[in-house]
Amino acid sequence: MKLAGKTAIVVGGGRDIGRAVSISLAREGAKVVVNFNNDEAAAQATVDDITKAGGDAILVKADATRFAEMEALVASAQSAFGPQIDILATVAGGMVARKTLAEMDEEFFDFVMRLNVHSAFFAMKATVPHMKEGASIINFSSQAGRDGGGPGATAYATGKGAVMTFTRGMAKELGPNGIRVNAVCPGMIATSFHDRFSKDEVREKVAGMTPLRRQGAAEEVGDVVSYLASDETSFLTGVCLDVNGGLLFS
């Protein structure tokens with residue numbers, strides 16, 4: 001229970017990796033605010049699983065691409081668990097679609113940036129004023145942010161690369177206040193993201209190239225987030241931690 005007594009907000013915490021992050025944080029004792037925007041049923045199931053296991057969690061709908069809604073999310077967390085926010089995980093993001101340069105228009109590119117970069121910015125801007133020394137922020141980048149991503153994933157990869165740079169800059173800015181800012185960079189994780197955007201043969205090929213010879217599990221990413229949120233990593237900040245089974249070394 002290394003996070004006992006702490007309040008955590010998980011932006012995009014209802015399903016897949018976000019669900020695993022929410023459950024892992026709760027298992028370590030945190031009171032978890034599970035945020036969702038679209039899939040209420042999955043998010044409610046996550047909250048139900050936490051509470052059935054004896055944890056403390058609430059469900060809050062908010063669009064991470066809108067700053068006012070992130071402010072409302074923080075207000076809901078404070079109403080339920082008190083004024084101080086100790087942990088923020090910005091899981092929300094996505095590829096939206098695979099598109100080449102010729103296929104992308106300004107509206108598509110802007111939306112992908114807003115979903116992946118602005119969401120982290122808005123969540124942090126709304127939350128940081130309510131954090132104190134010892135707080136921890138974990139942003140979500142991707143292996144794509146390091147290697148440019150697969151075919152048609154350039155916009156997504158660009159956004160995730162920006163998240164890494166934003167994380168490093170914020171680590172420098174917030175470090176004097178005792179607030180740590182790190183990021184995780186998942187590789188091929190068995191989630192609905194890859195069910196939608198990656199062909200089975202591609203996933204099998206990537207797994208075969210990975211030193212551990214498999215895809216990762218969402219729970220393995222969730223546990224990394226709990227680790228970064230804990231005092232066990234009290235001297236880690238500005239780190240963009242790869243979770244990819246050894247496929248890519250940064």
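In this predicted model, F67, M70, E71 and V74 of α3 meet F122, A123, K125, A126 and T127 of α4. Sorted by class, this contact holds six nonpolar, one polar and two charged residues.

Now the geometry of the pair. The axes of α3 (residues 67–81) and α4 (residues 106–127) come within 9 Å. They cross at roughly 45°. α3 is therefore oblique to α4, since angles that are neither under 35 degrees, over 145, nor 65 to 115 count as oblique. The crossing of α3 past α4 is right-handed.

Next, the nonpolar cores. The largest has 30 residues. Within this core, I17, V21, L25, V32 and F140 have the most contacts. Several helices and strands each supply at least two of its residues:

| Element | Residues |
|---|---|
| β1 | 7–11 |
| α1 | 16–27 |
| β2 | 31–36 |
| α2 | 40–52 |
| β4 | 87–90 |
| β5 | 136–140 |
| α9 | 218–229 |

Which element gives the largest share of this core? That is α9, with six residues.

Take I17 as an example. Setting aside neighbours within four places in sequence, I17 is in contact with V91, F140, P186, I189, T191, A218 and V221. One of these partners, F140, is also among the residues with the most contacts inside the largest core.

A second core of 27 residues lies apart from the largest one. Its members include A123, M124, V128 and M170. A123 also appears in the meeting of α3 with α4.

How values were computed: Residues numbered from 1 in each chain as written. Predicted model: local features only at pLDDT ≥ 70, side-chain atom pairs only at ≥ 80, totals over all residues. Heavy atoms only, no water. Core = buried A, V, L, I, M, F, W, Y, C linked by side-chain atoms within 4.5 Å. Buried < 20%, exposed > 50% of the residue type's maximum accessible area, 1.4 Å probe, protein only. Helix = DSSP H or I, 4+ residues; strand = E, 2+ residues; numbered from the N terminus. Contact = heavy atoms within 4.5 Å. Axes fitted to C-alpha atoms, helices over the stretch in contact; angles between N-to-C directions. Left-handed = near helix turned anticlockwise from the far one by under 90°. Nonpolar A, V, L, I, M, F, W, Y, C, P; charged D, E, K, R; others polar.
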